[in-house]
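Hi everyone, thanks for making time this morning. Let's pull up the model and walk through it together.

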Amino acid sequence: MSTMEELNRDIGACQRCDLARHRARVVPGEGPADSVVLFIGEAPGFHEDQQGRPFVGPAGQFLNQLLILAGLRREQVFICNVIKCRPPENRDPLPTEIQACRPWLDRQIELIEPKVVVTLGRYSMARYFPGAAMSKVHGKHIKRDGIVYFAMYHPAAALHQQSLRKAMEQDALTLKQVLSQLEPASAGPGEPESRQLSMF
Ligand code: SF4
């Protein structure tokens, strides 16, 4: 299996879909390669495309606040998106683009082996909660093959809607509870210290 560095290099050279022609920079994702918690958003926006980093614009600032509510530090989680290049004018990703980019996300998950996957928005939700409605599933989690999947709205959706903002803050607190219940399992025998979920 490749290392995260090798994987990022491969993603950086990707031309599998038309978005390669429009991007300023690829945004593979960032965080420790052995993160316990993986956040998956939708697609890079303007700021992310410029900087090559995920969630660095206004939605990213809100995500940072949500991480604090969830008892997490940004540097201890891995954050990425369903697709790694910005769609023009921030339009929704096309099914063909999601399909083309899927192997990169698959390889990231294989490498990271997260214990908790938090979906941000409907595109990553669809991967783990097929057919679900966000209004019903946000703030809830399922456990499959030892991995917890937790659904949240996309932070960008909440920027201009106070009710969604409140819902996301509440969901972040629920996530904190879920993580605290998982903590003993995360720190099981044989787990390196970096894989232990220290919360604050
Ligand atoms: S969006 Fe994904 S599949 Fe398309 S060019 Fe970028 S990295 Fe490749």
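Before we look at the ligand, a word on how residues are sorted: Ala, Val, Leu, Ile, Met, Phe, Trp, Tyr, Cys and Pro count as nonpolar, Asp, Glu, Lys and Arg as charged, and the others, Gly among them, as polar. With that sorting, the shell around the ligand divides into 11 nonpolar residues, 1 polar and 3 charged.

Please keep in mind that this is a predicted model, where local features need pLDDT of at least 70 and side-chain atom pairs count only at pLDDT 80 or more, while totals for chains, interfaces and linings use all residues. Residues are numbered from 1 along each chain as its sequence is written.

So, which residues come nearest to the ligand? Of the 15 around the ligand, they are Cys 14, Arg 16, Cys 17, Cys 85 and Cys 101. A residue is near a molecule or strand here if its C-beta atom, placed from the backbone, lies within 6 Å of it. Helix 4, residues 95-112, supplies the largest share of that shell, with 4 residues. Helices (H or I, at least four residues) and strands (E, at least two) are DSSP runs, numbered from the N terminus.

Let's stay with helix 4 and look at its partner. The axes of helix 1 (residues 4-12) and helix 4 come within 11 Å and cross at roughly 175°. The axes are lines fitted to C-alpha atoms, for helices over the stretch in contact, and angles run from 0 to 180 degrees between N-to-C directions. Helix 1 and helix 4 are therefore roughly antiparallel; on this scale, angles under 35 degrees are roughly parallel, over 145 roughly antiparallel, 65 to 115 roughly perpendicular and the rest oblique. On the helix 1 side, Met 4, Leu 7 and Ile 11 make the contact, and they meet Trp 104, Arg 107, Gln 108 and Leu 111 of helix 4. "Contact" means that two C-beta atoms, placed from the backbone, lie within 7 Å. By type, the residues of this helix 1 and helix 4 contact are 5 nonpolar, 1 polar and 1 charged.

Now for the interior. The largest nonpolar core has 49 residues, and those with the most contacts inside it are Val 37, Phe 39, Val 82, Val 116, Val 118 and Phe 150. Helix 4 turns up again here, giving the most to this core with 6 residues. A nonpolar core is a set of buried Ala, Val, Leu, Ile, Met, Phe, Trp, Tyr and Cys residues joined through C-beta atoms within 7 Å. Buried means 20 or more other C-beta atoms within 10 Å of a residue's own, exposed means 12 or fewer, and partly exposed is in between, with C-beta atoms placed from the backbone. Leaving out residues up to four places away in sequence, Phe 39 touches Val 77, Ile 79, Val 118 and Leu 120.

Next, have a look at Ile 40, in strand 1. Is Ile 40 buried or exposed? Ile 40 counts as buried because it has 26 C-beta neighbours inside 10 Å. Beyond four places in sequence, its contacts include Cys 80, Val 82, Thr 119 and Ser 124. Ser 124 is 84 residues away along the chain, yet the two C-alpha atoms are separated by 6.2 Å.

Gly 45 sits in the loop between strand 1 (37-41) and helix 2 (46-51). With 22 C-beta neighbours inside 10 Å, Gly 45 is buried too. Apart from neighbours within four places in sequence, Gly 45 is in contact with Gly 57, Arg 86 and Asn 90.

That Asn 90 brings us to the backbone. Most residues other than glycine have a negative phi. Asn 90, though not a glycine, has a positive phi of about 60°, and phi of Glu 89 is near 55°, also a positive value. Glu 89 is found in the loop between strand 2 (78-81) and helix 4, and Asn 90 is in the loop between strand 2 and helix 4 as well. How do they sit? Glu 89 is exposed, with 7 C-beta neighbours inside 10 Å, whereas Asn 90 is partly exposed, with 13.

One last stop: Ser 135, in helix 6 (residues 134-137). Ser 135 counts as exposed, having 8 C-beta neighbours inside 10 Å.
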